[in-house]
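Me: Could you take a close look at a single helix in this model and at what surrounds it? I would like a connected account rather than a list.

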Amino acid sequence: MFAPTVIEKQQILFNAPGPTRQIALTVDDGFNAIAVAGYIDFAKRTNIPLSFAPNGMYQKVWNPHADAVRSLIEAGRVTMVNHTWSHFSIRTLSDSALRTEVERNDDWIERTFGVSTRPWFRPPYGEYSERSRAILAELGYSRILMWNGTVGDSRLGVTADELVAAARESLQPGAIVLGHANQQVVVNLYGELERIIAQRALVPVTISSMFEPSNLAHLAG
Ligand SMILES: [Zn+2]
């Protein structure tokens with residue numbers, strides 16, 4: 001049914017492809033308007049690139065920032081990632097429901113921010129199956145974006161101190177760091193992210209920069 005090469009070429013990515021000072025900060029969902037506005041302002045104010053994985057179900061939160069996000073994308077400072085429209089675990093969806101969830105979200109992002117999310121997909125809850133991987137590959141998603149660090153904001157009610165402690169632990173060279181725009185408390189994190197990146201001489205990049213062909217060349221052969 002699927003060409004085997006399509007699946008074989010699909011990569012599941014947890015961290016940078018080689019020794020590097022690069023770090024990729026990724027921001028998912030978008031449940032909280034203040035957190036979404038805060039992250040976009042952070043990207044504009046600092047030169048720290050971000051990768052956004054929004055759900056279309058939160059379009060009322062994201063759409064007012066369309067122009068700002070478009071500018072950041074055009075400047076190469078934001079990469080957009082598909083995270084499905086409704087944030088179900090994709091293992092629980094039928095084939096047709098998964099296709100609809102992915103295509104609907106990409107249609108919204110392309111219409112609103114001017115770019116397709118392909119080839120980037122981040123599975124809600126980090127959950128996927130061989131069957132869902134095959135469907136994603138067929139739809140053009142050859143890069144499954146996982147993570148190896150988190151700012152610890154998946155849990156509701158997390159405190160600012162806990163966020164900062166998790167960020168200090170997770171912002172290591174080569175890391176892909178998971179964050180969410182779901183709780184207002186994350187606005188307390190922005191200054192600390194800047195400090196850690198500067199103190200550790202990290203080089204923040206979008207995930208498309210982290211995995212551009214020149215960075216992968218040394219892995220060939
Ligand atoms: Zn999510």
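Reply: A residue is called buried here when its relative accessible area is under 20%, and exposed when that area is over 50%. With those cut-offs in hand, and bearing in mind that this is a predicted model, the helix to look at is α5, residues 95–113.

Helix α5 has 19 residues and spans 27 Å from its first C-alpha to its last, which is close to the 27 Å expected at 1.5 Å a residue. Its buried residues are L98, E101, V102, N105, D106, W108, I109, T112 and F113. These buried positions cover an arc of only 160° around the axis, which puts them on the same side of α5. On the face turned away from that buried side, α5 carries the exposed residues S96 and R111. Following the helix comes G114, whose phi is positive, near 85°.

The cover over the buried residues of α5 is drawn from several elements, including β3 (50–54), α3 (59–62), α4 (66–74), β4 (78–80), β5 and α6 (130–138). Of these, β5 deserves to be followed further. Strand β5 belongs to an open sheet of three strands, in the order β1-β6-β5 and with parallel pairing. Both β1 (11–13) and β5 (120–121) stand at the edges with a single partner strand each, so one side of each is left without a neighbour in the sheet. The partner of β5 is β6 (residues 143–145), to which two bridges join it in parallel, and within this pairing W120 stands opposite R143.

A second set of contacts, away from the helix itself, concerns aromatic rings, of which a search of the whole structure finds eight pairs. One of them is Y39 with Y190, an edge-to-face pair at 4.8 Å centre to centre and with 65° between the planes. Since Y39 lies in helix α2 (residues 33–45) and Y190 in helix α8 (residues 190–199), the pair ties together parts that are 151 residues apart in sequence. Returning to β5, the rings of W120 and F211 have their centres 5.9 Å apart and their planes at 55°, so this pair is tilted. It links distant parts of the chain, as W120 is in strand β5 while F211 is in the loop between α9 (207–210) and α10 (213–216), 91 residues apart. Both W120 and F211 are buried.

Taken together, α5 has its buried residues on the same side, and β5, which is among the elements covering them, carries W120 in a ring pair with F211.

Note on methods: Residues numbered from 1 in each chain as written. Predicted model: local features only at pLDDT ≥ 70, side-chain atom pairs only at ≥ 80, totals over all residues. Heavy atoms only, no water. Pairing = 2+ DSSP bridges. Helix = DSSP H or I, 4+ residues; strand = E, 2+ residues; numbered from the N terminus. Expected span 1.5 Å × (residues − 1). Buried < 20%, exposed > 50% of the residue type's maximum accessible area, 1.4 Å probe, protein only. Arc of directions from axis to C-beta. Contact = heavy atoms within 4.5 Å. Phe/Tyr/Trp six-rings, centres within 6.5 Å; stacked < 30°, edge-to-face > 60°.
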